[in-house]
Every structure is written in structure tokens, then in C-alpha cells.
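Biologist: Before we discuss any feature, I should like to see the sequence and the model. Please show them, and then guide me through the reading.

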Amino acid sequence: MKIAVIGAGSVGMLLSTFLADRLDVTCIVRRKAQEIAIGEHGINRINLDGTVTKTSVKASRDYNELEGASLVIVAVKYTHLPLLLPKLADLSVDIPLLFVQNGLAHYEKALQLPQKTIAFGSCQFGAQKENDYTVIHRGIGVLKLAVERGNAEIFQLFREVESPLFPVQFVEHAENMLFEKALYNCFINPMTTVLQVKNGGLVANRHAKKLLEALYEECMDAFPEQRENIAFSDVVSLCEKTASNTSSMLQDRLMNRKTEVESIVGAVIKKAEQRGRSLPILNTFYHLVLAIEGEKT
Ligand SMILES: NC(=O)C1=CN([C@@H]2O[C@H](COP(=O)(O)OP(=O)(O)OC[C@H]3O[C@@H](n4cnc5c(N)ncnc54)[C@H](OP(=O)(O)O)[C@@H]3O)[C@@H](O)[C@H]2O)C=CC1
Ligand SMILES: CC(C)(CO)C(=O)C(=O)O
């Protein structure tokens, strides 16, 4: 069974290495240098214990490769989607698509595509690209999957590749799943980006942890129904499990790229406003991240 993963960044590479255990995986990349690097080396995963797992993932810049795939996983950032969506719209409607972005903004855009089967993933693991063919696994966390429309059968392949290092969980409601993850990202991503610390830094420093808790309380006051899904200890636990990870937003900041602050933080602030709630702490981080971006780009 052929799987295509669009985007060989942190998440695309990490997912590819776990899938390649049992499946034929090709990453669709946009740079020739990366196509050559993965062609020569496959993808190497640096495991949590420092060992290296070499995998036989292939790479191609040819989007025609997508047509032969049993599943296409879209692992680019939200900011990359505008250029990619028209290409996906041209694909056969029978090819199932799985979107693994953080945030909320991709949900409706993905569902406007003509494909019959569309699913969403929420990644709670840490992943960091080391170079064009190497990814570091920065913390075990579940990959949640929700099939929003179409035939769920193909996604059973994740049952074949799941393991204690790569746990997988199927959930019912994609939008709820994405919102829950967006809240976690609102707690972790902007603060790590502004403070320039790894995820663990938010709970290792008592001042940062106090701020994290205040941010959590502010969001739970606005979305009280989420208290039963996310306890503050869950937030602390995610920071601890991914302690050595550089959050995806901080990775963007460090690489001088546009962050996903709008599709994650901006989208949550809008949802709170719709219920007449303001989130002053989160709003401050939102503007800080945008100010930093404006300064650098
Ligand atoms: N990193 C993490 O720990 C986690 C990230 N996430 C989420 O996963 C998503 C992906 O993030 P992440 O992997 O960190 O992002 P990265 O920036 O590391 O990777 C994105 C990749 O997409 C590639 N790309 C962009 N456009 C195209 C295109 N048209 N065709 C082919 N490739 C393309 C980029 O290529 P190029 O190198 O050429 O720019 C890059 O390699 C984000 O929504 C993020 O929020 C979720 C959980 C954890
Ligand atoms: C899970 C977590 C917080 C890992 O860093 C993430 O989603 C991200 O970095 O975007």
C-alpha cells in the first residue's frame, strides 16, 4: 500500500518514519536538495534514547505521484495550504486525505475539497527536523485521528503501525478534537515563542508556570466545558513529555518564518469573542508573537 506524505518537515518526516515500518511511503517535497537527500539516505529518526532508526522513505517533487497513493497525508503548515489546496482539488476524488495541522482554520478549507474521504489528525508528540533527511523524536504523544467524512477503512492502517512509541487513538468529532488541541497550543506555543524556551521551560521555571496556569484559567473561564477534557495537570504533562521539543511556533520564529499564530491563537480568540469573552493574557501573547514577526520579516 502506497502512502504519500506532502511536506517532509518535522511532523511529515516523523510520521513517515513510523509508517515506513510496514508501508511504502513517499514524501512529496518542494526542494530538489531535499528530494536528493531523502533519495540518498531515506529518513533517519533519532529516537528518544538517542538511537537512530534508518527508514526507506522515498521522496519526489512530482505531484503526479499522489495519484497512485492509497492515502495522502498533508503535513505542511497552515501557512503553506493556500498554494497546496488547488493542487489537492485536482486530485482524484477517490484519494482519501488526512490533514495534520494544528489550529482550527484548515478545517473548513479542507472540507471544501472534492475528495470523498477527509480526516483530521491531532499530533501530541514532539518532532524536530534536524536536516533534510533527519528528524528528532522529541516526546511520545498520541496521534488522534477523526474521520470527518467518507470511508474510515483506510485509516485502519494506523492500527498496524501503532506502537508504544507511536500511540494512535481514533476519536469521533474532528472539530472538537482540533479545538482541544488548539487550546493546548495556545498554552504552549506562543509562550515558548516569546520566552524562547523549549516546552519543558514552561514548567521548569516557576514564573513561567504561574503564567501558564493563569493563561489556562483564563481560557477555561471562557470555555468552561473544556475543564472536563483538559486539566491543568494535562497541560503540565504535555510540557513534560515534550520537554526537549522546540514548539512548532518557536521553530518558525527561529527560522524567521511566518508562524501559525493566526490559525491557532487568533482562531481561539475569535471563538471566545463569539461568546462575549475576552482573553487578555492570550491576546497579549498573540500581539507579542505578531510584533516579533513584524520586526523580523
Ligand atoms: N513540530 C511539532 O512538534 C508539531 C507540529 N504540529 C503541526 O504540524 C504541522 C506541520 O508542522 P511542522 O512539521 O512542524 O512544520 P515544518 O515547517 O517543519 O514542515 C513543513 C514542511 O512542509 C513543506 N512544504 C510546504 N509547502 C509544501 C508544498 N507545497 N509541497 C511540499 N512540501 C511543502 C516545507 O518544505 P520546505 O522545507 O521546502 O520549506 C516543510 O518541509 C503544523 O500545523 C504544526 O503546527 C503538530 C504537533 C507537533
Ligand atoms: C505538541 C506540541 C506542543 C509539541 O511541541 C505542538 O503541537 C507544537 O509544537 O506545535
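Modeller: We begin with a database record. UniProt, in an unreviewed entry, places the feature "domain: Ketopantoate reductase N-terminal" at residues 3-145. UniProt positions are given here in the numbering used for this model, feature names are shortened, and annotations may be inferred rather than shown by experiment. This is a predicted model, in which local features need pLDDT of at least 70 and side-chain atom pairs count only at pLDDT 80 or more, while totals for chains, interfaces and linings use all residues. Residues are numbered from 1 along each chain as its sequence is written, and chains are lettered from A and ligands numbered from 1 in the order in which they are written.

Biologist: What is the helix and strand content of residues 3-145?

Modeller: Helices (H or I, at least four residues) and strands (E, at least two) are DSSP runs, numbered from the N terminus. The span 3-145 is 24% helix and 31% strand, and its end C-alpha atoms lie 16 Å apart. A second UniProt annotation, "domain: Ketopantoate reductase C-terminal" (unreviewed entry), covers residues 177-293. That stretch is 73% helix and 0% strand, with end C-alpha atoms 28 Å apart.

Biologist: Into which domains is the protein divided?

Modeller: Domain bounds come from an automatic or database domain assignment. Here they give domain 1 (2-172) and domain 2 (178-296). Taken over C-alpha atoms, the centres of domain 1 and domain 2 are separated by 24 Å. Two residues are in contact if their C-beta atoms, placed from the backbone, lie within 7 Å. The contact takes 19 residues from domain 1 and 20 residues from domain 2. On the side of domain 1 that touches domain 2, helix H4 (106-111) and strand S8 (118-123) each supply at least two residues.

Biologist: How does one read a sheet, and in what order do the eight strands of the open sheet stand?

Modeller: Two strands pair if DSSP finds at least two bridges between them. The eight strands follow the order S5-S2-S1-S6-S7-S8-S11-S12, with mixed pairing. Strand S5 (58-60) and strand S12 (168-170) are the edge strands, each pairing on one side only. Axes are lines fitted to C-alpha atoms, for helices over the stretch in contact, and angles run from 0 to 180 degrees between N-to-C directions. From one strand to the next, the twist averages 25 degrees. Strand S2 (residues 24-28) runs parallel to S5 and is joined to it by three bridges; Cys27 stands opposite Ala59 in S5. Helix H6 (residues 174-195) lies across S8 and strand S11 (143-149), at about 25 degrees to S8.

Biologist: Which strands form the open sheet of four, and why is one side of each edge strand left without a neighbour?

Modeller: The order is S4-S3-S10-S9, again with mixed pairing. Strand S4 (52-55) and S9 stand at the edges with a single partner strand each, so one side of each has no neighbour in the sheet. Strand S3 (residues 43-46) and strand S10 (residues 134-137) pair in the parallel sense over three bridges, and Ile46 stands opposite Ile136 in S10. S9 and S10 pair in the antiparallel sense over four bridges; they form a hairpin with two residues between them, and Lys129 stands opposite Val135 in S10.

Biologist: Which residues come nearest to ligand 1, and where does its shell lie with respect to the domains?

Modeller: A residue is near a molecule if its C-beta atom, placed from the backbone, lies within 6 Å of it. Of the 29 residues around ligand 1, Gly7, Gly9, Val11, His80 and Asn102 come nearest. Helix H1 (10-19) gives the most to this shell, three residues. Ala, Val, Leu, Ile, Met, Phe, Trp, Tyr, Cys and Pro count as nonpolar, Asp, Glu, Lys and Arg as charged, and the others, Gly among them, as polar. By class, the shell has 13 nonpolar, 11 polar and five charged residues. Domain 1 and domain 2 both give residues to the shell around ligand 1, so it lies between them.

Biologist: Which residues surround ligand 2, and of what classes are they?

Modeller: Among them are Asn102, Gln124, Asn185, Ile188, Asn189 and Thr242. The shell divides into one nonpolar, 10 polar and no charged residues. Helix H6 gives the largest share, three residues, and the shell draws at least three residues from each of domain 1 and domain 2.
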